[in-house]
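Colleague: I should like to go through this model with you, one point at a time. Please reason from the coordinates and close each reply on the value or name I ask for.

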Amino acid sequence: MMHSTDFPSTKPYLLRAIYEWCSDNGLTPYVAVKVDASVRVPMEFVKDGEIVLNVSMDATSALQMDNDYISFKARFGGQPREIVVPVDRVLAIYARENGQGMAFPISEVDAGGKGTEQARASVEDSESPPPTAPQRPGLRRIK
């Protein structure tokens, strides 16, 4: 008999499904990421330990969303960069235009050794944000 712990995470499948839903409906998929040493992103665009990336077909090339990593090439400030994000560092995926999407918990080990969960993100575009960048509405975590 298989236990729920024997199955792989649903997170990469949900990420791909919401990405496809955004793309099919002409929406711009954004991925909010909790940055640590395992994440390869332009650090000059990281704010409060987080970055939000535009992962639309127009903003990326060679996008791959597999079960362990999201990787792609994109331009930041006109400079080509290679981005690599472990799936377990993704806080949320949502449509820029309406905020619809899904948030995920990120387990952190704090100074006391206790695990905490966070599912919040600041909005930062992979391109220079417009002067009035839209704020992501609150997303509800569903277990």
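The exchange below concerns a predicted model.

Colleague: In what order do the strands of the 4-stranded open sheet lie?

Modeller: The pairing in this sheet is antiparallel. β2 (50-54) and β7 (101-103) stand at its edges with a single partner strand each, so one side of each has no neighbour in the sheet. From one strand to the next the twist averages 15°. The order is β2-β1-β6-β7.

Colleague: Over how many bridges do β1 and β2 pair?

Modeller: β1 covers residues 29-34 and pairs with β2 in the antiparallel sense. Among the bridge partners, V33 is matched with I51 of β2, and A32 with V52 of β2. The number of bridges is 5.

Colleague: Is N54 of β2 buried or exposed?

Modeller: N54 belongs to strand β2, and its side chain makes a polar contact of 2.9 Å with the side chain of S56. The cut-off for buried is under 20% relative accessible area. N54 has 7% relative accessibility, so this residue counts as buried.

Colleague: How many of the residues of β2 are buried?

Modeller: E50, V52 and N54 point one way from the strand, while I51 and L53 point the other way. The residues on both sides are buried. The strand is therefore largely enclosed by the rest of the structure, the count of buried residues being 5 of 5.

Colleague: At about what angle to β6 does helix α1 run?

Modeller: Helix α1 comprises residues 11-24. The helix lies across three strands, namely β1, β6 (90-95) and β7. Relative to β6, α1 runs at about 20°.

Colleague: Which strands stand at the edges of the 3-stranded open sheet?

Modeller: This sheet has the order β3-β4-β5 with antiparallel pairing, and its twist averages 25° from one strand to the next. An edge strand has a single partner, so one of its sides is left without a neighbour in the sheet. The strands in that position are β3 and β5 (79-86).

Colleague: Through how many residues does the hairpin join β3 to β4?

Modeller: β3 (residues 61-65) and β4 pair in the antiparallel sense over 3 bridges. Within this pairing, S61 has K73 of β4 as its bridge partner. The hairpin that joins the two strands passes through 3 residues.

Colleague: Which residue of β5 is the bridge partner of F72?

Modeller: β4 and β5 run antiparallel and are joined by 8 bridges. For F72, the bridge partner in β5 is I83.

Colleague: How is the ring pair of Y30 and Y94 classified?

Modeller: The model contains 2 aromatic pairs, and this one links Y30 in strand β1 with Y94 in strand β6, 64 residues apart. Both Y30 and Y94 are buried. Planes over 60 degrees apart count as edge-to-face. The ring centres of Y30 and Y94 are 5.9 Å apart and the planes stand at 70°, so the pair is edge-to-face.

Colleague: And how is the ring pair of F45 and F76 classified?

Modeller: F45 lies in the loop between β1 and β2 and F76 in strand β4 (residues 69-76), so the pair ties together parts that are 31 residues apart in sequence. Both count as buried, F45 at 16% relative accessibility and F76 at 2%. Their ring centres are 5.5 Å apart and their planes at 45°, so the pair is tilted.

Colleague: Which residue has a side chain joined to that of D36 by a polar contact?

Modeller: D36 is located in the loop between β1 and β2 and counts as partly exposed at 31% relative accessibility. Its C-alpha atom is separated by 7.6 Å from that of G49, 13 residues away along the chain. The polar contact of D36 has a length of 3.3 Å, and its partner is R89.

Colleague: Finally, at what distance from the ring centre of Y13 does R16 lie?

Modeller: For a charge to sit over a ring, the cut-off is within 6 Å of the ring centre. R16 lies over the face of Y13, and the distance from the ring centre is 4.7 Å.

Methods:
Residues numbered from 1 in each chain as written. Predicted model: local features only at pLDDT ≥ 70, side-chain atom pairs only at ≥ 80, totals over all residues. Heavy atoms only, no water. Pairing = 2+ DSSP bridges. Axes fitted to C-alpha atoms, helices over the stretch in contact; angles between N-to-C directions. Contact = heavy atoms within 4.5 Å. Buried < 20%, exposed > 50% of the residue type's maximum accessible area, 1.4 Å probe, protein only. Polar contact = N/O pair within 3.5 Å; in protein donor to acceptor, adjacent residues only side chain to side chain. Phe/Tyr/Trp six-rings, centres within 6.5 Å; stacked < 30°, edge-to-face > 60°. Lys NZ or Arg CZ within 6 Å of the ring centre and 35° of its normal.
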